[in-house]
Amino acid sequence: MVNTKVMLCGIELDNPVIPASGTFGFGYEFAELYDINCLGTFSFKGTTKDPRFGNPTPRIAECESGMINSVGLQNPGVEAVIAEELPKLKKCFSKPVMANVSGFSVEDYAYTCEKLDGQEQIGWLEVNVSCPNVHGGGMSFGTSPEAAAQVTKAVKAVTKKPVIIKLSPNVTDIVSIAKACEDSGADGISLINTLLGMRIDLKTRKPVVANKMGGFSGAAIKPVALRMVYQVSEAVRIPVVGMGGVSNAEDVIEMIMAGATAVEVGAANLVDPFACRDIVENLPKVMEKYGINNLNEIKGCAHNG
């Protein structure tokens, strides 16, 4: 019998499969389709201090081997998440959940994280300094080591739970930013968020999404994600949560071989709502196929080549 358990920042997961923020709502929507307790955990919808309506429509554009989204962090705000969303989630999910947090200032990040840190259901805080489709926030904090470190320090000062910083691939040197976060107290690194992309409608001769550009995700970005997970896991001592183009159990194993401790699944959930359930079910079979008894045995093994 293979062992799919992994340890993420001191909390044991039954398996490394984690639906990514923005693709799984607050969980209870998917709980109507299957028992989401089969998951390692999941990262809930990106939450900000104040409610956000998000970007104007259209927000989604299909493209080869992926999609572009420009939702713009639509969410009810942290107070409503605590008062309304978490109680609904508690009825269908018995494991610690990962809270994804975004902000438009260092103070915003600290306020929201402090509020969520006090919630019993939350196991980790995934701090998103990498959203590519929000003006004046998100990615602006994740494109320099200094800014990312500033957010990390502020959040760590007001929280007790593990803080995982989610980084942007839209930078020249991902390693220096990851190391700055580690040096500032981060308990883990999560990467990659979406690449910045766009589509143009040949009939209207205008960008397809109203925001002109948005986050490009899907199978096409997996080689970039693997490269960055490999580079960062080699440079830091804290756990790395890998994501980007993951759509099956083989992809999960490949991410772990690159150095990831756990693996998030994003765009695949929007194509097939059962994607994560199927990955969890198939993971033991794929492990047996490749002679893997324990995922910890292969973590980062690609670095030995």
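The largest nonpolar core in this predicted model holds 94 residues. Those with the most contacts inside this core are Leu-8, Ile-36, Phe-44, Leu-116, Leu-167 and Leu-191. Helix 9, spanning residues 275–289, gives the most to the core, with seven residues.

Take a look at Ile-36, one of those well-connected residues. Beyond its neighbours within four places in sequence, Ile-36 is in contact with Phe-24, Gly-27, Phe-30, Ala-31, Phe-42, Leu-89, Cys-92 and Phe-93. Leu-8, also on the list of residues with the most contacts inside the core, turns up again as a contact of Ala-262.

Ala-262 belongs to strand 15 (residues 262–265). Leaving aside neighbours within four places in sequence, Ala-262 touches Leu-8, Leu-13, Pro-16, Ile-18, Val-240, Val-241 and Gly-242. Although Ala-262 and Thr-204 are 58 residues apart along the chain, 42 Å separates their C-alpha atoms.

Now for helix 5, residues 174–183. How many of its ten residues are buried? Seven are, and the helix is mostly covered. The buried set consists of Ile-174, Val-175, Ile-177, Ala-178, Ala-180, Cys-181 and Glu-182. Their packing partners are helix 4 (145–156), strand 8 (163–166), strand 9 (188–191) and helix 6 (222–235).

Both ends of helix 5 are worth a visit. At the N-terminal end, Asp-173 acts as a cap, with a side-chain oxygen 3.2 Å from the backbone nitrogen of Val-175. Just after the helix, Gly-185 adopts a positive phi of about 110°. Ser-184 sits in the loop between helix 5 and strand 9. A polar atom of the Ser-184 side chain lies 2.9 Å from the backbone oxygen of Ala-180. Not counting residues up to four places away in sequence, Ser-184 also touches Ala-149, Thr-152, Lys-153 and Lys-156.

On the surface, Leu-196, Met-198, Ile-200 and Met-213 make a nonpolar patch of about 350 Å². Met-213 is found in the loop between strand 12 (206–207) and strand 13 (214–217).

Here is how three of the residues discussed compare in accessibility:

| Residue | Relative accessibility | Class |
|---|---|---|
| Ala-262 | 0% | buried |
| Ser-184 | 12% | buried |
| Met-213 | 39% | partly exposed |

Why is Ser-184 classed as buried? Its relative accessible area is 12%, and buried means under 20%. Met-213, at 39%, counts as partly exposed because that class lies between the 20% and 50% limits.

How values were computed:
Residues are numbered from 1 along each chain as its sequence is written. This is a predicted model: local features need pLDDT of at least 70, side-chain atom pairs count only at pLDDT 80 or more; totals for chains, interfaces and linings use all residues. Side-chain values use heavy atoms; hydrogens and water are left out. A nonpolar core is a set of buried Ala, Val, Leu, Ile, Met, Phe, Trp, Tyr and Cys residues joined through side-chain atoms within 4.5 Å. Buried means under 20% relative accessible area, exposed over 50%, partly exposed in between (1.4 Å probe, protein chains only). Helices (H or I, at least four residues) and strands (E, at least two) are DSSP runs, numbered from the N terminus. Contact means heavy atoms within 4.5 Å. Patches are made of residues with over 30% relative accessible area and no salt bridge: like charges are joined within 9 Å, nonpolar side chains (Val, Leu, Ile, Met, Phe, Trp, Tyr) within 5 Å. Accessible areas come from the Shrake-Rupley method with a 1.4 Å probe; for residues, only the protein chains shown count as cover. A salt bridge is a side-chain nitrogen of Lys or Arg within 4 Å of a carboxyl oxygen of Asp or Glu. A polar contact is a pair of N or O atoms within 3.5 Å; within protein, one must be able to donate a hydrogen and the other to accept it, and residues adjacent in sequence count only if both atoms are side-chain atoms.
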